[in-house]
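Hi,

Here is the structure we talked about, with my notes underneath. Have a look at the model first and then read on.

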Amino acid sequence: GVFAAIWAATGADEAKLFDVDLSTLTKPPLWEPTFEEYFPGWEKNEMGLGSPVVLAKPTREEFLFHARRGYPIVVADWAEGMKYTGWSCQDFAEAFPFGYMKAEYIDALPGFNRKQHDIKVIDGELRFKLGSFKPDGKTWWYNFSRPASKRYKDDPLKPKQGPYVWHVKDELSAKEKIKVQERFEAPVFLQDPLNKAKMNRSFEVWFSPGAHSGAGAHN
């Protein structure tokens, strides 16, 4: 009885979020759909995957329409006109030398010795200082390409170079966080108070010195 009452009360709201009649669903709650069931009409590439939906200058309504369906989305111009647009890795290092970033796959760097660097250990992982890190002891990190994980070497679609990620959201003091995030703006399609605040609280920066930098899929 309680479930039926809740269902009836939320039915109108759900109709706005989904383009299917939820009352017709007969699968169990944890049912995992096939590709064809989840992406009806999509074509697979040679890897068996569908291409992401690419949006340009979406309205809030357009963005939410796609986001609520759970498939990959790329907003090609979401950072257009923002203060950080055009910044290089070096620009960040010079503006915020106090930050400490994670170096993905740093253990794959031949001859790496952690004792030679200014590091912090956060959540059991190494962090390296933006304003002083030189992976080989001579070259600034933003001018130095490091190899990605060795387990990717035989996969042409996996990253070739290791990137860096700076977790501004939870690894800076309040004063430092404000200094970095005051130049960041939520995109125009997420200017509502809830999403804008969430983006400003969960800000992180990925640095990719060299071509083919990236991290493998992770959650």
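**Strands, then cores**

Strand S4 (residues 119-122) pairs with S5 in the antiparallel sense, over four bridges. Strands here are DSSP E runs of at least two residues and helices are H or I runs of at least four, numbered from the N terminus; two strands pair if DSSP finds at least two bridges between them.

Before going further: this is a predicted model, where local features need pLDDT of at least 70, side-chain atom pairs count only at pLDDT 80 or more, and totals for chains, interfaces and linings use all residues. Residues are numbered from 1 along each chain as its sequence is written, and side-chain values use heavy atoms, with hydrogens and water left out.

Back to S4 and S5: they make a hairpin with two residues between them, and Asp-123 in the turn has a positive phi of about 55 degrees. Ile-122 has Glu-125 in S5 as its bridge partner. S5 is also joined to S3, antiparallel, by two bridges, and Tyr-100 has Lys-129 of S5 as its bridge partner.

Now the inside. The largest nonpolar core (buried Ala, Val, Leu, Ile, Met, Phe, Trp, Tyr and Cys joined through side-chain atoms within 4.5 Å; buried is under 20% relative accessible area, 1.4 Å probe, protein chains only) has 26 residues. Phe-92, Met-101 and Trp-141 are among those with the most contacts inside it. H4 (89-95) and S5 (125-129) are among the elements that each supply at least two of its residues, and H4 gives the largest share, three.

Leaving aside neighbours within four places in sequence, Phe-92 is in contact (heavy atoms within 4.5 Å) with residues including Tyr-84, Leu-130 and Phe-207. A second, separate core of ten residues includes Phe-35 and Tyr-71.

Cheers

Terms used. Buried means under 20% relative accessible area, exposed over 50%, partly exposed in between (1.4 Å probe, protein chains only).
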